[in-house]
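I wanted a record of how the helices pack and where a few residues sit. These are my notes, in the order in which I looked things up.

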Amino acid sequence: MMSCETFRMNFHESTEDAALLAHLRTCDRCLDFAATADPDVMFRALGGDDLVPPGGIDAFVDDVMRQVRVRDAEITVTAPHPVSWTRRLAVAATLAAAVTGATLVYRYDTAAPPATRLVRAPIAVQRAALTTKPSVETYQSESATIVEVPADQNDNVKVVMIFDESLPADL
Amino acid sequence: MSADIHLMIPTTPTVEVDDRQLVQTIREGDTDAFELLVRRKTSKVYALCYRIIGNAEDAKDISQLVFIKLWENLEKYDPAYAFDTWLYRMVTNVAIDFMRNKQSRDNAVNSTLRLVKTAADAEQGVVVQRKEVENVFNDVSSVLSPKQKTIFVMNQMEDLPSAEIAKILGCRESTVRNHLFNARKLMQQQLYKRYPEYAQLWRER
């Protein structure tokens, strides 16, 4: 420990000497001397030592550890069940496959032409049945309503529906 | 004979575990290691908090908060850097936040309060007393911004060089020096205003 005499001999303005500062922080008489020589050093006298919190270090540490344990317990209770990354990956892959598959099926259903042909087949049968009835080339009536059935562009046959009260019921 | 017996007693060498090793152990789930770390750093953390905040109870609460934050964020510590630098950064962040909130509360309540010593006191001269210096510091440093005060405390009381403070605060060294210069100037002005008996020390230079 430095003596007051040594301190006063070696002290100078803006000193950074650790030994001098250590003495300054413990000796009241030298603080007064140093403050007169270098007022800037006045507040430096407050520093240096580590301090003990009120209640002591043991109580402080116990408080901290208690709070840490409480927080840990809270996290354990509130945290969701951990799911391994492989399981997460499997779920993601399944979802992706399901979405892709559904999209492909939807596109196939809406765009594929064979489905339309399959629907038309029974219509051809109906046409065959209609041919058993007398076909009408021309028709003239003042009371009839004639509705033209829309047909494909490539189809030469034109189908019309005739509503006429004067016609026999079985025509 | 007694010397022989003494030699046969197994001695356990007390090897101080490095901070980085301790942190590694804590990361592996050892709560006791964290307790050891808290015990090791309490005095330093509390001292810095106390000097920045200037109130024992608040400093204690803030120190505890620092350690809880430390526990929660230990995964983020990069062992490439000194542990104390990282710890001090946490202390200063929490303390500065606290000071900012406190200042805004105090400004709302005590905006007109000011301790003024009379000119007669100044005439009588002054004997610098440590406890009184502490009160003077707490009073005149209240005009500093939380960052200025933190820098002043770290440099003047914790003896940290400005380069180290720059690392802790994540700013440039020149910024630290500027803050330090401004802090000194502001405190001297306050000293003239509120404590003329101490300010005389400057006048007499």
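Before reading any angles I wrote down the cut-off I would need: two axes count as roughly perpendicular when the angle between them is 65 to 115 degrees. I also noted that this is a predicted model.

**Entry 1: helix 7 and helix 10 of chain B**

I looked up helix 7 (residues 130-140) of chain B against helix 10 (residues 173-194) of chain B, and found that their axes come within 9 Å and cross at roughly 110 degrees. Helix 7 of chain B and helix 10 of chain B are therefore roughly perpendicular to each other. The crossing of helix 7 of chain B over helix 10 of chain B is right-handed. I then listed the residues that meet: helix 7 of chain B brings V136(B), F137(B), D139(B) and V140(B), and helix 10 of chain B brings M187(B), Q190(B), L191(B) and R194(B). Sorted by class, this contact of helix 7 with helix 10 of chain B has five nonpolar residues, one polar and two charged.

**Entry 2: helix 8 and helix 9 of chain B**

Next I took helix 8 (residues 146-157) of chain B and helix 9 (residues 162-169) of chain B, whose axes come within 10 Å and cross at roughly 135 degrees. That angle makes helix 8 of chain B oblique to helix 9 of chain B. Here too I noted the hand: helix 8 of chain B passes helix 9 of chain B in a right-handed crossing. On the helix 8 side of chain B the contact uses K147(B), I151(B), M154(B) and N155(B), and on the helix 9 side of chain B it uses S162(B), I165(B), I168(B) and L169(B). I counted by class and got five nonpolar, two polar and one charged for the contact of helix 8 with helix 9 of chain B.

What is the phi of D159(B), which is not a glycine? I found it positive, at about 60 degrees. D159(B) lies in the loop between helix 8 and helix 9 of chain B. Its relative accessible area is 32%, so D159(B) is partly exposed.

**Entry 3: V153(B)**

I stayed with helix 8 of chain B, because V153(B) is placed there and its relative accessible area of 0% makes it buried. Which residues does V153(B) touch, leaving out those up to four places away in sequence? I listed L48(B), R51(B), I52(B), F137(B) and E158(B). F137(B) is also one of the helix 7 residues of chain B that meet helix 10 of chain B. I checked one distance as well: V153(B) and S141(B) are twelve residues apart in sequence, and their C-alpha atoms are 10.0 Å apart.

**Entry 4: helix 2 and helix 3 of chain B**

I moved to helix 2 (residues 19-27) of chain B and helix 3 (residues 31-53) of chain B, which pack at an angle of about 145 degrees with axes 8 Å apart. Helix 2 of chain B supplies D19(B), L22(B), T25(B) and I26(B), while helix 3 of chain B supplies A33(B), F34(B), L36(B), L37(B), R40(B) and K41(B). The contact of helix 2 with helix 3 of chain B divides into six nonpolar residues, one polar and three charged.

**Entry 5: I68(B)**

I found I68(B) in helix 4 (residues 56-73) of chain B. Is I68(B) buried or exposed? With a relative accessible area of 2%, I68(B) is buried. Not counting residues up to four places away in sequence, I68(B) touches Q67(A), V68(A) and R71(A). Within chain B, I noted that I68(B) and V38(B) are 30 residues apart along the chain, with 9.8 Å between their C-alpha atoms.

**Entry 6: the two chains**

I closed with totals. Chain B has eleven helices and zero strands, and chain A has six helices and two strands. In chain A the pattern along the sequence is α-α-α-α-α-α-β-β.

| | Chain A | Chain B |
|---|---|---|
| Residues | 171 | 205 |
| Buried | 19% | 44% |
| Exposed area | about 13,000 Å² | about 11,100 Å² |
| Share of that area from carbon and sulfur | 59% | 51% |

I also noted contact range. Of the contacts in chain B with a separation of 6 or more, 67% are between residues 24 or more positions apart. For chain A, 25% of the contacts between residues at least 6 apart in sequence join residues at least 24 apart.

Key: Residues numbered from 1 in each chain as written. Chains lettered and ligands numbered in written order. Predicted model: local features only at pLDDT ≥ 70, side-chain atom pairs only at ≥ 80, totals over all residues. Heavy atoms only, no water. Helix = DSSP H or I, 4+ residues; strand = E, 2+ residues; numbered from the N terminus. Buried < 20%, exposed > 50% of the residue type's maximum accessible area, 1.4 Å probe, protein only. Contact = heavy atoms within 4.5 Å. Areas by Shrake-Rupley, 256 points an atom, 1.4 Å probe, with all protein chains shown as cover. Axes fitted to C-alpha atoms, helices over the stretch in contact; angles between N-to-C directions. Parallel < 35°, antiparallel > 145°, perpendicular 65-115°, else oblique. Left-handed = near helix turned anticlockwise from the far one by under 90°. Nonpolar A, V, L, I, M, F, W, Y, C, P; charged D, E, K, R; others polar.
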